[in-house]
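Work through the following exercises with the sequence and the model in view. Each one sets a task and then solves it in steps.

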Amino acid sequence: MKVAYVVKRYPRYSETFVVNEILAHEAAGVEVGIFSLLPPEDGHFQDAISRVRAPVTYLQAKGLKASDLWATLDEAGEDLPNLWGALEEARGGDVRQVYQAVLLAREARRGGFSHLHAHFATASTTVARLAARFAGLPYSLTAHAKDIFHESVDPEDLRRKLSDAAASVTVSDFNLKYLRERYGRAADGTRRIYNGLELERFPYGDPRHREPGIVAVGRLVEKKGFADLVEACALLRDRGVRFRARIVGLGDQEEHLRSLIKSRGLRDLVDLAGPLPQREMARVVGGASVFAAPCVVGGDGNRDGLPTVLLEAMALGTPCVSTDVTGIPEVLRHGETGLMVPQRDPAALAGALERLLGDAALRVRLARGARRLIEAEFDVSRNAAILREVFASGGGLEEPSAREATLA
């Protein structure tokens, strides 16, 4: 079994779920290659990336000239005998993506890959789909959230990608229901497979005696709802609640959030900590009394699918408050595994945070329930084995082992 992972950009600080998945495949003896359309641009990376053995190939298309494309087509024809006939499929497509697809198809054939898998149904799947056609290989995709719900999504393009894929996956039941309702038969075979965690890296800690700290982690973008968290912190301060809050991450709303924190007089209570390595992030989250994920649906339709960091906080034993956006209610069950509040409601958010800050018994009860759920549904070894079964069901791979079948 040899699988080519196709991503838009690698490595990427916020996409630990891709790294977790690849590590799980490698631990199961699967050979993986990573093909990235773009080079990295983040200044910080998770330490788990250093354990990935898969080589990374960048399908560079910057500054592409027509002569480069023609020369590559001529050369690739030796490895891809059906290339010229299959190019009809690329008619009207982005020239750079067609070029990257030819590079990918050639490398896949030369490298002996038997399957292509793309994360996100955007440019990465566009390239994987064309490359699969050029190389005569099956491809699959994992659809997340922005690639499903954002206003820029072309429904016919997504329908074509789902229809042509040997297999398709999405990360929540909410997404699965939406895809089947919106795309009908094209999504009939789509399966829900949750992103997984390396559970041993997120050991449970009892939250009973923690300092009254609130922590939030994620890109500083609208869909994370961190402005609501700042407003909620202002309400807590006005009520005389003892706490400190830390927001970890980078993003284009950083200046807006700094300005909001200043205008609400919260500079001594709310800290924008910037990005942290995963090990340090786990220490910070695992030491807090409450984890806040006040996610919202952005004005452009963008939203989180099922935030990996929320799963990590639940694994660590940090009680969580979140909203009913997309797949979050599938894991954060109000009163059982956390507290749920409406999105864009700072008053409700403040109320839930205050409950958890002041009630140790509630923290322990919710944290234990959350950990049990994470162990049952989000073990990356088990979920990656199910994904390999999906790969195999699409053709081009060996059948899953008996152990994998049992796990699935």
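**Exercise 1. Describe the interface of domain 1 and domain 2.**

Begin with the polar contacts: across the interface of domain 1 and domain 2 there are nine residue pairs in polar contact, both residues at pLDDT 80 or more. A polar contact is a pair of N or O atoms within 3.5 Å; within protein, one must be able to donate a hydrogen and the other to accept it, and residues adjacent in sequence count only if both atoms are side-chain atoms. On the side of domain 1 that touches domain 2, at least two residues each come from α1 (16–27), α6 (146–149), α8 (173–183) and α15 (380–393). Helices (H or I, at least four residues) and strands (E, at least two) are DSSP runs, numbered from the N terminus.

The model is a predicted one: local features need pLDDT of at least 70, side-chain atom pairs count only at pLDDT 80 or more, and totals for chains, interfaces and linings use all residues. Residues are numbered from 1 along each chain as its sequence is written, and side-chain values use heavy atoms, with hydrogens and water left out.

Next, count salt bridges between domain 1 and domain 2: the number is zero. A salt bridge here is a side-chain nitrogen of Lys or Arg within 4 Å of a carboxyl oxygen of Asp or Glu.

Then take the area. Domain 1 and domain 2 bury about 2,100 Å² between them, and 48% of it is on carbon and sulfur atoms. Buried area is the accessible area (1.4 Å probe) that two parts lose on being put together, summed over both.

Last, place the domains. Domain 1 covers 2–196 + 380–393 and domain 2 covers 200–378, with bounds from an automatic or database domain assignment. Their centres, taken over C-alpha atoms, are separated by 32 Å. The contact (heavy atoms within 4.5 Å) takes 26 residues from domain 1 and 24 residues from domain 2.

**Exercise 2. Give the strand order of the two open sheets and place a helix on each.**

One sheet has six strands in the order β10-β9-β8-β11-β12-β13, with parallel pairing; two strands pair if DSSP finds at least two bridges between them. Its edge strands, each pairing on one side only, are β10 (270–274) and β13 (339–341). From one strand to the next the twist averages 25 degrees. Helix α9 (226–239) packs on this sheet and touches β8, β9 (244–248), β10 and β11, its direction making about 170 degrees with that of β8. Axes are lines fitted to C-alpha atoms, for helices over the stretch in contact, and angles run from 0 to 180 degrees between N-to-C directions. Within the sheet, β8 (213–217) and β11 (290–293) pair in the parallel sense over two bridges, and isoleucine 214 stands opposite valine 290 in β11.

The other sheet has seven strands, ordered β3-β2-β1-β4-β5-β6-β7, again with parallel pairing. Here β3 (56–58) and β7 (191–192) are the edge strands. Strands β5 (139–143) and β6 (167–170) share four bridges in the parallel sense, and leucine 141 has serine 168 in β6 as its bridge partner. Helix α5 (123–135) lies across β1, β2 (31–38), β4 (115–119) and β5, at about 165 degrees to β4. Helix α7 (155–164) lies across β5 and β6, at about 130 degrees to β5.

**Exercise 3. Which parts does the salt bridge of lysine 224 tie together?**

Find the partner: lysine 224 forms a salt bridge with aspartate 304, the closest N and O atoms being 2.7 Å apart. Locate both residues: lysine 224 is in the loop between β8 and α9, and aspartate 304 is in the loop between β11 and α12 (308–316), so the pair ties together parts that are 80 residues apart in sequence. The structure holds 29 salt bridges.

**Exercise 4. Examine the loop between β12 and β13.**

Histidine 334 lies in this loop, β12 being 320–323. Leaving aside neighbours within four places in sequence, histidine 334 is in contact with Leu339 and Met340. The side chain of histidine 334 reaches the backbone nitrogen of methionine 340 at 2.9 Å. Threonine 326 is in the loop too, and its phi is near 40 degrees, a positive value in a residue other than glycine.
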